[in-house]
Amino acid sequence: MSKIACRSTPILLAAAVLPAAVHAAPSTVRVEPVSRTAVTTSGDPIRIPEGTDRMVTSKYTIAPGASLPVHKHPGPRYGYVLSGSIVVTNVETHRETTFHAGDMIVEDVGRWHEARNDGKEPVVLLVMDFLGSDGGNVVLRDGK
């Protein structure tokens with residue numbers, strides 16, 4: 001048996017057993033849908049670019065009154081608001097969208113935007129970036 005097959009066997013077993021376990025004890029596992037969309041915050045279709053070879057997950061904490069500079073993402077970025085609320089502004093259209101705890105943010109790809117915390121508590125985001133081997137996923141408009 002190859003190394004790949006050996007490594008995937010526990011995953012395949014878990015995938016086969018987990019649904020049975022969920023159905024056997026529904027009171028111990030609860031699955032709540034969070035979001036379902038096929039578009040970004042600007043309405044662009046979601047696309048995972050060819051050459052994407054890794055996902056990086058980060059936790060962001062944004063203090064009350066803090067702002068993120070004007071930036072864009074060359075690749076897909078998805079954020080989940082764990083606490084607080086954040087205002088995201090598309091600087092080209094001036095469209096503002098406020099995301100609250102429990103909301104999913106499907107960020108724009110290739111569009112300049114900024115964000116700010118207008119609230120009195122920190123915003124905590126769980127952010128997932130899909131990247132190629134060529135670098136990061138944030139480009140600042142002023143290059144700093």
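These are my notebook entries on a sheet and on one aspartate in this structure, which is a predicted model.

**Entry 1: the sheet.** I began with the strands and found an open sheet of four, in the order 1-8-3-6. The pairing in this sheet is antiparallel. I then looked up the edges: they are strand 1, residues 54-62, and strand 6, residues 104-106. Each of these two pairs on one side only. I also checked the twist, and neighbouring strands here are turned by 20 degrees against each other on average, with direction ignored.

**Entry 2: one pair of strands.** Next I followed strand 3 (residues 77-83) alongside strand 8 (residues 123-131). Six bridges link this antiparallel pair. To have one spot to find on screen, I picked Tyr 78, whose bridge partner in strand 8 is Met 128. A reminder to myself: strands of a sheet pair through backbone hydrogen bonds.

**Entry 3: Asp 108.** I moved on to the loop between strand 6 and strand 7 (113-116), where Asp 108 sits. Is Asp 108 buried or exposed? I noted that Asp 108 is buried, yet has no salt bridge. The nearest side chain of opposite charge belongs to Arg 111, 4.9 Å away. That gap rules out a salt bridge, because one needs the charged atoms within 4 Å.

**Entry 4: who Asp 108 meets.** What do the side chains of Thr 41 and Ser 42 do here? The Thr 41 side chain makes a polar contact of 3.0 Å with that of Asp 108, and the Ser 42 side chain makes one of 2.8 Å. Leaving aside neighbours within four places in sequence, I also listed Thr 40, His 73, Asn 90 and His 113 among the contacts of Asp 108.

Key: Residues numbered from 1 in each chain as written. Predicted model: local features only at pLDDT ≥ 70, side-chain atom pairs only at ≥ 80, totals over all residues. Heavy atoms only, no water. Pairing = 2+ DSSP bridges. Axes fitted to C-alpha atoms, helices over the stretch in contact; angles between N-to-C directions. Buried < 20%, exposed > 50% of the residue type's maximum accessible area, 1.4 Å probe, protein only. Lys, Arg positive; Asp, Glu negative; His and termini not counted. Polar contact = N/O pair within 3.5 Å; in protein donor to acceptor, adjacent residues only side chain to side chain. Contact = heavy atoms within 4.5 Å.
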